[in-house]
Amino acid sequence: MKKSPVKTIVAIGIGAALFFVLGRFVAIPSPVPNTNISVQYGLLAFMAAIYGPVAGALIGLIGHALIDFSYGWGVWWSWVIASGVFGVIIGLVASKLQLADGVFAKADVLKFNVFQVVGHIVAWALVAPVLDIVIYAEPANKVFVQGLVGGIANLITTAIVGTLLCVAYAAAKPKKGSLKEEE
């Protein structure tokens, strides 16, 4: 099913705004400095699964940049890019799901969660810490601990929030062939 570019642009705007609000005002501080338990990655995974990798990337990039900017410490590009990478990964593998058809069976729940775990590992165990070292000359031990804690928290919250959003979305979509013409 081809998605309307207008719907995708609107989804990017709404998704980035919701990502910002959740990340800025619903973040739970973790014991590791500058690392929060974030529920917005469940929303990002859901939006990327529906609208694809470009939307996923832009929602993650814009939303995370707005969060960083609002705190006043400047935009931490290594983590912003990691959020965009996570959105791209979920958007790319979402074609293996049947969400657009209103199907999110047990096998789809498993696929979604395997995809999101892989996405978080790539984003928070590789992209964010490596870019922290390259861009900001941060100490490796510090950034890998932050990435590990953030990544684990994100994959847990995505498993809960993202799965629930996908289940609700699939339940609300009419199934193919479920509508019958009245006589």
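With a relative accessibility of 3%, Asn154 counts as buried, because buried means under 20% relative accessible area. This residue belongs to a predicted model, in which Asn154 sits within helix 6, the helix that spans residues 140–172. The points below start from the surroundings of Asn154 and go on to the aromatic pairs, the charged groups and the surface.

**Around Asn154**

- Leaving aside residues up to four places away in sequence, Asn154 touches Ser38, Tyr41, Gln116, His120 and Trp124.
- Two of these contacts of Asn154, Tyr41 and Trp124, are themselves both buried.

**Aromatic pairs**

- The structure holds nine aromatic pairs, and one of them joins Tyr41 and Trp124, whose ring centres lie 5.6 Å apart with the planes at 80°, so that this pair is edge-to-face.
- Tyr41 belongs to helix 2 (residues 40–51) and Trp124 to helix 5 (residues 106–136), so their pairing ties together parts of the chain that are 83 residues apart in sequence.
- Phe46 and Tyr169 form another aromatic pair that is edge-to-face, with 5.6 Å from centre to centre and 70° between the planes.
- This second pair also links distant parts of the chain, since Phe46 lies in helix 2 and Tyr169 in helix 6, 123 residues apart.
- The two partners are not equally covered: Phe46, at 12% relative accessibility, counts as buried, whereas Tyr169, at 25%, counts as partly exposed.
- Tyr41 and Trp124 also belong to one aromatic cluster, which they form together with Phe19, Trp79 and Phe86.

**Charged groups**

- Arg24 lies over the face of the Tyr71 ring, at 4.0 Å from the ring centre.
- A search of the whole structure finds one salt bridge, and Glu138 forms a salt bridge with Lys142 in which the closest N and O atoms are 2.6 Å apart.
- Of the residues in this salt bridge, Glu138 counts as buried at 16% relative accessibility, while Lys142 is partly exposed, with a relative accessible area of 34%.

**Nonpolar surface patch**

- Trp77, Ile81, Val130, Ile133, Val134, Ile135 and Phe144 form a nonpolar patch on the surface, and together they have about 600 Å² of accessible area.
- The elements that give two or more residues to this patch are helix 4 (77–93) and helix 5, and helix 5 gives the most, with four residues.
- One member of the patch is Ile133, which lies in helix 5 and counts as partly exposed at 31% relative accessibility.

**An exposed position in helix 6**

- Asn141 has its place in helix 6, the helix that also holds Asn154, but Asn141 counts as exposed, at 60% relative accessibility, whereas Asn154 counts as buried, at 3%.
- Asn141 and Ala49 are 92 residues apart in sequence, and their C-alpha atoms are 33 Å apart in space.

Note on methods:
Residues are numbered from 1 along each chain as its sequence is written. This is a predicted model: local features need pLDDT of at least 70, side-chain atom pairs count only at pLDDT 80 or more; totals for chains, interfaces and linings use all residues. Side-chain values use heavy atoms; hydrogens and water are left out. Buried means under 20% relative accessible area, exposed over 50%, partly exposed in between (1.4 Å probe, protein chains only). Contact means heavy atoms within 4.5 Å. Rings of Phe, Tyr and Trp (its six-membered ring) pair if their centres lie within 6.5 Å; planes under 30 degrees apart count as stacked, over 60 as edge-to-face and the rest as tilted. A charge sits over a ring if NZ of Lys or CZ of Arg is within 6 Å of the ring centre and within 35 degrees of the ring normal. A salt bridge is a side-chain nitrogen of Lys or Arg within 4 Å of a carboxyl oxygen of Asp or Glu. Patches are made of residues with over 30% relative accessible area and no salt bridge: like charges are joined within 9 Å, nonpolar side chains (Val, Leu, Ile, Met, Phe, Trp, Tyr) within 5 Å. Accessible areas come from the Shrake-Rupley method with a 1.4 Å probe; for residues, only the protein chains shown count as cover.
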